[in-house]
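Dear colleague,

Please find below the structure I wished to hand over to you. My notes on it come directly after.

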Amino acid sequence: LRLFSDLMDSNSDTVKFSRAMTLLEYLASPDEYKNWKKLKGDIVAHLAKSTADYHVMCERFRNLTSKEDAAGAQIGLRTLVVHHGRRLQDVVPSQKEREKLFLELWQYCYSVLYDLVGMAGKTREELKQYRKELRAGIGIENE
């Protein structure tokens, strides 16, 4: 919750975006580092309502994190901001689009936090099992 509060109090869109991505990373894997290819499934498990929805959301997370265009240039927002040092305003110039992006990220964070609060007192293994069950419930074979 402290990370979520820091995100909401950030005074720059670039910092706010970076903190939102950090929060999502933490919510997916609080005990160990995992790359986004492995993390996105743990976040999307809390969000998707169907197999098709799951795959659409995984693709959305590729756009939010690390994706290359047809020419091999990086277009993933997180990679551009965190690793290439770009400002979010340069990558997403429209204020309206940034607001839309932050609403989307807030919804992702909130949905996962809501589920996790309901699991207070559960072990990490129980959380992993819960996420497997969420995926299985929409027809996604677990990794």
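The notes below take up the cysteines, one helix and one buried arginine in turn.

Please bear in mind throughout that this is a predicted model.

I began with the cysteines. A search of the whole structure finds zero disulfides. C58 takes part in none, and the nearest cysteine sulfur to it, that of C109, is 16 Å away. Since a disulfide requires two cysteine sulfur atoms within 2.5 Å, that separation rules out a bond between C58 and C109. Both residues are nevertheless shielded: C58 is buried, with a relative accessible area of 7%, and C109 is buried as well, at 0%.

C109 also belongs to the buried residues of helix α7. This helix comprises 23 residues, from 95 to 117. At 1.5 Å a residue, α7 should span 33 Å, and its end C-alpha atoms are 32 Å apart, so the two values agree. Along with C109, the buried residues of α7 include R98, L101, F102, E104, L105, Y108, V112, L113 and D115. The N-terminal end of α7 is capped by S94, which places a side-chain oxygen 3.3 Å from the backbone nitrogen of K96.

Finally, I would draw your attention to R135, which is located in helix α8 (residues 124-137). Its relative accessibility is 4%, and R135 therefore counts as buried, the cut-off being under 20%. The side chain of R135 is joined to that of D42 by a polar contact of 3.2 Å.

With kind regards

How values were computed:
Residues are numbered from 1 along each chain as its sequence is written. This is a predicted model: local features need pLDDT of at least 70, side-chain atom pairs count only at pLDDT 80 or more; totals for chains, interfaces and linings use all residues. Side-chain values use heavy atoms; hydrogens and water are left out. Buried means under 20% relative accessible area, exposed over 50%, partly exposed in between (1.4 Å probe, protein chains only). Helices (H or I, at least four residues) and strands (E, at least two) are DSSP runs, numbered from the N terminus. The expected span of a helix is 1.5 Å times one less than its number of residues. A polar contact is a pair of N or O atoms within 3.5 Å; within protein, one must be able to donate a hydrogen and the other to accept it, and residues adjacent in sequence count only if both atoms are side-chain atoms.
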